[in-house]
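Q: Please take a close look at one part of this model and describe, in connected prose, how the surroundings of a single residue fit into the packing around it.

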Amino acid sequence: MTRTTLDLTGLKCPLPALKTRKALKPLQPGDQLEVHCTDPLSVIDIPNLIRETGDQVEITERNDTRIVFLIEKANGSIKTVNGASHS
């Protein structure tokens, strides 16, 4: 299990969610991604993304200056519909 930190401070919607999705792809089940954001919309966007991917997420820090998410890669991959990956 590895933990990777992704610094997305200063980026605005939709970039934090898009960059988080990209960073999750190469991770193995059990790996963790720690995501640092400053965009207030990320508290909506990133959990919605994780609902799509089937991974686990928790907010480990939230204050006036930043939000830190800890995402754990699950056993599955991004859901597919009719064999097409939605990524």
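A: In this predicted model, Ile46 touches Pro16, Ala17 and Thr20, and also Val35, Cys37, Phe69 and Ile71, when residues up to four places away in sequence are not counted. Ile46 is one of the residues with the most contacts inside the largest nonpolar core, a set of 14 residues in which Leu33, Val35, Phe69 and Ile71 are also named in that respect. Strand S1 (3-8), strand S2 (32-37), H2 and strand S4 (67-72) each supply at least two residues of this core, and H2 gives the most, with 4 residues.

The helix pair can be described next. The axes of H1 (residues 15-24) and H2 (residues 42-53) come within 9 Å and cross at roughly 35°, and the crossing is right-handed. On the H1 side the contact is made by Pro16, Ala17, Thr20, Arg21 and Leu24, while H2 contributes Asp45, Ile46, Leu49, Ile50 and Glu52; these residues divide into 6 nonpolar, 1 polar and 3 charged.

The sheet is open, with 4 strands in the order S1-S2-S4-S3 and mixed pairing, and its edge strands are S1 and S3 (56-62), each of which pairs on one side only. Neighbouring strands are turned by 20° against each other on average, direction ignored. S1 and S2 pair in the parallel sense over 6 bridges, and Gln32 in S2 is the bridge partner of Arg3. H1 lies across S1, S2 and S4, running at about 160° to S1, whereas H2 packs on the sheet by touching S2, S3 and S4, with a direction that makes about 5° with that of S4.

How values were computed: Residues are numbered from 1 along each chain as its sequence is written. This is a predicted model: local features need pLDDT of at least 70, side-chain atom pairs count only at pLDDT 80 or more; totals for chains, interfaces and linings use all residues. Side-chain values use heavy atoms; hydrogens and water are left out. Axes are lines fitted to C-alpha atoms, for helices over the stretch in contact, and angles run from 0 to 180 degrees between N-to-C directions. A crossing is left-handed if the near helix is turned anticlockwise from the far one by less than a right angle, and right-handed if clockwise. Contact means heavy atoms within 4.5 Å. Ala, Val, Leu, Ile, Met, Phe, Trp, Tyr, Cys and Pro count as nonpolar, Asp, Glu, Lys and Arg as charged, and the others, Gly among them, as polar. A nonpolar core is a set of buried Ala, Val, Leu, Ile, Met, Phe, Trp, Tyr and Cys residues joined through side-chain atoms within 4.5 Å. Buried means under 20% relative accessible area, exposed over 50%, partly exposed in between (1.4 Å probe, protein chains only). Two strands pair if DSSP finds at least two bridges between them.
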